[in-house]
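Please look at the sequence and the model below, and keep both in view while reading. The paragraphs that follow take up a few residues and helices, one after another.

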Amino acid sequence: MFMELLRKIEDRGYPTEYLLSRVRGRRMRYRDSIARESPEGVWRCLLKEYQWVYLQMNRQLQDIFGSFFFYAELRTIVLCLRYRIRGKEIVEELLSFSLLSDGLKDILKRGSSILTTIEDIGEALLPLSFELRGLKEIFIKDGLRGAEQVLTNTYLEHTARSIPHPTIRDFFAYLIDSRNIIALYKHLRWGIPDYPIFIHGGSIKEGRLRRIAGKQDTSGLLSLIHKLTGIMNENLDVTNIENSLLKGLTSFLRRFIRDPLCAGVILDYLWRCYIETMNQSIILYGNYMDKEMLLGELIQ
């Protein structure tokens, strides 16, 4: 299914060892390349790098990593929608490095209105969930942020049910745990009476999340973060928690570097490119910030 949502690329037959030897030497080169980019350019660089990796993959690796690459392309879809709303004419340029299928690219380029585009995106992604048939109504009610949340959560739940490869499955389980922890934090922080909507498929049982929510148990939340990330937080704020979860995922992926199927090495590289891109974006947007505050925002 992921192969239908992504570009159809010929299997060039490169052995896995070829790609491994190439990615091991590219991280510093990637960091240097994004250092010269604009805030919008750094994300195009990430798409370009992901495209390069995907093009070097044989069919077996493309099948294994299809779910990861489409997850990364969810951001492309949202960025295109945001640029359309703001009237920025850079959608075509952004999509030039995208791995999205020609059909999805056409939807993002040609929609007569933003509502038509969002409705068509929901229809195209119905194999993920029939809930996406109502994506336009979600956008009307909750804006682009609400539509993005439903789209991402739906995709994560679908992926958790459908991925056979253990390394990729564990990666997505961590992502689900992270989003559930953020949802739980916001529930406790703002005293929302209703339980948060938790995503199914993580390693943390929903019952435990609900017990913490019901008891307003801040120490229980801190314990969850520590168990997942290995990081002990003293202050609960959303930036601190998000950074801890991202740092924890970087450490988590190091366990898979010796993966005998080699997926861990490639996944670690793709994730580190993402973190480098996030950090460079923070630096570019944070020129006005105090230096210590800026350093605190970066993912180490």
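Cys80 has a relative accessibility of 0%, and it therefore counts as buried, since the cut-off for that word is under 20%. This is a predicted model, and the values given here are to be read with that in mind. What, then, is the situation of the cysteines with respect to disulfides? A disulfide is a covalent bond between the sulfur atoms of two cysteines. The structure holds zero disulfides, and Cys80 accordingly takes part in none, with the nearest cysteine sulfur, that of Cys45, lying 16 Å away. For Cys273 the nearest cysteine sulfur is again that of Cys45, here at 10 Å, and Cys273 is in no disulfide. Because the relative accessible area of Cys273 is 1%, this residue is buried.

From the cysteines we can turn to Arg82, which is found in helix α5, the stretch of residues 59-86. Is Arg82 buried, exposed or partly exposed? Its relative accessibility is 28%, and because the partly exposed class runs between 20% and 50%, Arg82 counts as partly exposed. If its neighbours within four places in sequence are left aside, Arg82 is in contact with Leu144 and Glu148. Arg82 can also be compared with Ile114 in two ways: along the sequence the two are 32 residues apart, whereas in space their C-alpha atoms are 9.4 Å apart.

Helix α5 also has a helix packed against it. Two packed helices are described by the angle between their axes and the distance between the axes. For helix α4, which covers residues 39-56, and α5, the angle is about 155° and the axes are 11 Å apart. Angles over 145 degrees count as roughly antiparallel, and α4 and α5 are therefore roughly antiparallel to each other. Their crossing is left-handed. On the side of α4 the contact is made by Glu40, Trp43, Leu47, Tyr50, Val53 and Tyr54, while the residues contributed by α5 include Phe68, Phe69, Ala72 and Tyr83.

Helix α8, residues 114-124, brings us back to α5 from another direction. The buried residues of α8 are Thr117, Ile118, Ile121 and Gly122. These residues cover an arc of only 135° around the axis, which means that they are on the same side of α8. Which helices do the buried residues of α8 pack against? They pack against α5, α7 (102-110) and α9 (135-162).

A similar question can be put to helix α11, which spans residues 206-215 and whose buried residues are Leu209, Ile212 and Ala213. Seen down the axis of α11, the buried residues fall within an arc of 100°, so they line one face of the helix. The face turned away from this buried side carries the exposed residues Arg211 and Lys215. The buried residues of α11 pack against α10 (166-190) and α12 (218-229). After α11 comes Gln216, which has a positive phi, near 55°.

Finally, consider Glu276, which lies in helix α14, residues 263-285. Its relative accessibility is 9%, and Glu276 therefore counts as buried. Which residues is Glu276 in contact with, leaving aside its neighbours within four places in sequence? The contacts are with Arg27, Tyr30, Arg31 and Ile34.

Notes. Residues numbered from 1 in each chain as written. Predicted model: local features only at pLDDT ≥ 70, side-chain atom pairs only at ≥ 80, totals over all residues. Heavy atoms only, no water. Helix = DSSP H or I, 4+ residues; strand = E, 2+ residues; numbered from the N terminus. Buried < 20%, exposed > 50% of the residue type's maximum accessible area, 1.4 Å probe, protein only. Contact = heavy atoms within 4.5 Å. Disulfide = S-S within 2.5 Å. Arc of directions from axis to C-beta. Axes fitted to C-alpha atoms, helices over the stretch in contact; angles between N-to-C directions. Parallel < 35°, antiparallel > 145°, perpendicular 65-115°, else oblique. Left-handed = near helix turned anticlockwise from the far one by under 90°.
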